[in-house]
Amino acid sequence: MFFSEKIISKLLKLPTPFYYYDVDIFEMTIKKVIEASKNINGKIHYALKANHQNRLLGIVAKSGLGADCVSGGEIQKALENGISAESIVFAGVGKTDAEIEYAIKNKVFCLNVESIEELMVIDSIAQKMNDKVSIALRINPNVDAYTHKFITTGLEENKFGINASDLKDALEKLSNLKNVELIGIHFHIGSQITDLSVFKNLCLKINEILRFLEERRIEVNHINVGGGLGINYMYPDEHLFPDFEGYFNVFEKFLERRPNQQLHFELGRALVAQCGALICKVIFHKTSGKKHFLILDSGMNHLIRPALYEAYHKMENISKYNELNVMLYDVCGPICETTDYFGKNVLLPETQRGDYIAVRSAGAYGEVMASNYNLRGYPSVYFSDEI
Ligand SMILES: Cc1ncc(COP(=O)(O)O)c(C=O)c1O
């Protein structure tokens with residue numbers, strides 16, 4: 001169980017709202033992903049965008065995982081927390097000149113290039129710095145991730161990557177550039193992918209691209225397949241850890257890798273989502289006709305996923321574990337927006353003002369997206385071994 005009785009009694013004494021991270025679960029998840037990837041000659045880069053808490057990044061650094069960063073700020077954070085530059089990949093559709101310079105200066109392993117224009121800019125900045133930069137081309141493979149349309153990134157209509165049909169053009173341009181070296185190809189087709197056959201489709205597309213490159217006598221030693229492995233938001237206790245073995249097996253089975261080619265993964269959500277929960281307090285319970293609303297002291301300002309992606313998060317009333325009477329509630333935040341709710345028709349024990357509600361699986365894309373909207377302040381943070 002995520003919440004032991006002992007932990008709950010401690011949590012109920014803390015002022016809300018706050019993010020709570022179970023450090024053991026995070027460490028166990030990292031251990032499991034490393035174990036599952038042992039036979040695949042793959043490097044895992046933790047995607048900082050999911051959660052960049054220093055405490056968690058320290059664990060990432062200690063475990064030897066690399067980092068996937070999408071801004072200069074994230075590169076700096078990774079370095080400050082002991083993640084080595086040679087294990088950092090730098091992606092992002094809008095890298096500024098200053099960020100590119102910063103990445104080059106700090107000698108990150110590879111820049112994942114998302115457009116032909118960006119390629120030219122990186123080359124000219126590297127030239128000015130009298131340096132040569134390792135790059136991978138991020139290719140948009142037009143593979144459907146069958147996830148929410150707001151977190152789909154690998155379709156032609158999405159802004160990410162170089163369209164596969166522009167690859168020939170990109171390679172021609174590249175052949176004339178002196179300050180960039182093509183070492184790999186990169187993909188990332190979306191997030192919260194739970195159907196593993198999507199990754200098989202990605203592999204088949206990558207195989208085509210590898211053949212296309214080989215026909216042109218272009219060798220790449222690195223294949224970065226991005227992140228995207230989903231988690232179980234419905235039943236977090238039964239599925240605290242994703243099926244890492246099944247995930248890696250897909251790439252082992254379907255990717256026609258040459259012996260010299262190393263695989264790279266950029267996992268975020270799958271590593272950090274289940275170790276976190278947002279703990280809030282019920283400020284009011286009100287009714288409107290047959291509806292019961294619970295108004296919490298935290299909402300889309302601290303966890304925007306339900307408002308942004310209509311995402312589901314399991315909720316628990318941790319003040320009322322022994323209450324047998326249940327009711328349906330719309331669980332809302334305090335923000336002046338109609339979309340500010342965590343769930344509608346949520347079955348909870350009979351709940352009162354002052355009860356603590358835990359919003360589960362909030363470790364990824366939760367705290368990192370928190371805002372000070374309505375000037376309600378930011379949530380506090382507690383770790384399981386520090387309370
Ligand atoms: C380029 C890139 N890599 C990796 C990730 C991490 O994805 P996830 O958290 O779904 O594993 C993202 C997320 O948006 C991304 O844009």
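A pocket here is an open set of grid points with protein on both sides within 12 Å along at least five of seven lines. Keep in mind that this is a predicted model.

**Exercise 1.** Work out what lines the second largest pocket, and which classes those residues fall into.

*Solution.* Start with the volume: the second largest pocket comes to about 220 Å³. Next, pull up its lining, which consists of Ile193, Thr194, Leu196, Leu229, Gly230, Ile231, Asn232, His239, Phe241, Pro242 and Asp243. Now sort by class, remembering that Gly counts as polar. You should land on six nonpolar, four polar and one charged residues.

**Exercise 2.** Find out which peptide bond joining Thr16 to its partner is cis or trans, and place that partner in the fold.

*Solution.* As background, most peptide bonds are trans. Check omega between Thr16 and Pro17: at about -5 degrees, the bond is cis. Then locate Pro17, which sits in the loop between helix 1 (5-11) and strand 1 (18-21).

**Exercise 3.** Take Lys107 and Glu310: what is the sign of phi in Lys107, what is it in Glu310, and are they buried or exposed?

*Solution.* Most residues other than glycine have a negative phi. Lys107, though, has phi near 55 degrees, a positive value, and Glu310 also has a positive phi near 55 degrees. Place them next: Lys107 is in the loop between helix 5 (97-105) and strand 5 (110-113), while Glu310 belongs to the loop between helix 11 (305-309) and strand 13 (315-317). Last, apply the cut-off: exposed means over 50% relative accessible area. Lys107 has 56% relative accessibility, so Lys107 counts as exposed. Glu310 has 62%, so Glu310 counts as exposed too.

Note on methods. Residues are numbered from 1 along each chain as its sequence is written. This is a predicted model: local features need pLDDT of at least 70, side-chain atom pairs count only at pLDDT 80 or more; totals for chains, interfaces and linings use all residues. Side-chain values use heavy atoms; hydrogens and water are left out. On a 1 Å grid over the protein atoms alone, a cavity is a set of points where a 1.4 Å probe fits but cannot get out, and a pocket is an open set with protein on both sides within 12 Å along at least five of seven lines; lining residues have an atom within 4 Å of a point. Grid points are joined across faces, edges and corners, and a volume is the space filled by probe spheres set on the points. Helices (H or I, at least four residues) and strands (E, at least two) are DSSP runs, numbered from the N terminus. Buried means under 20% relative accessible area, exposed over 50%, partly exposed in between (1.4 Å probe, protein chains only).
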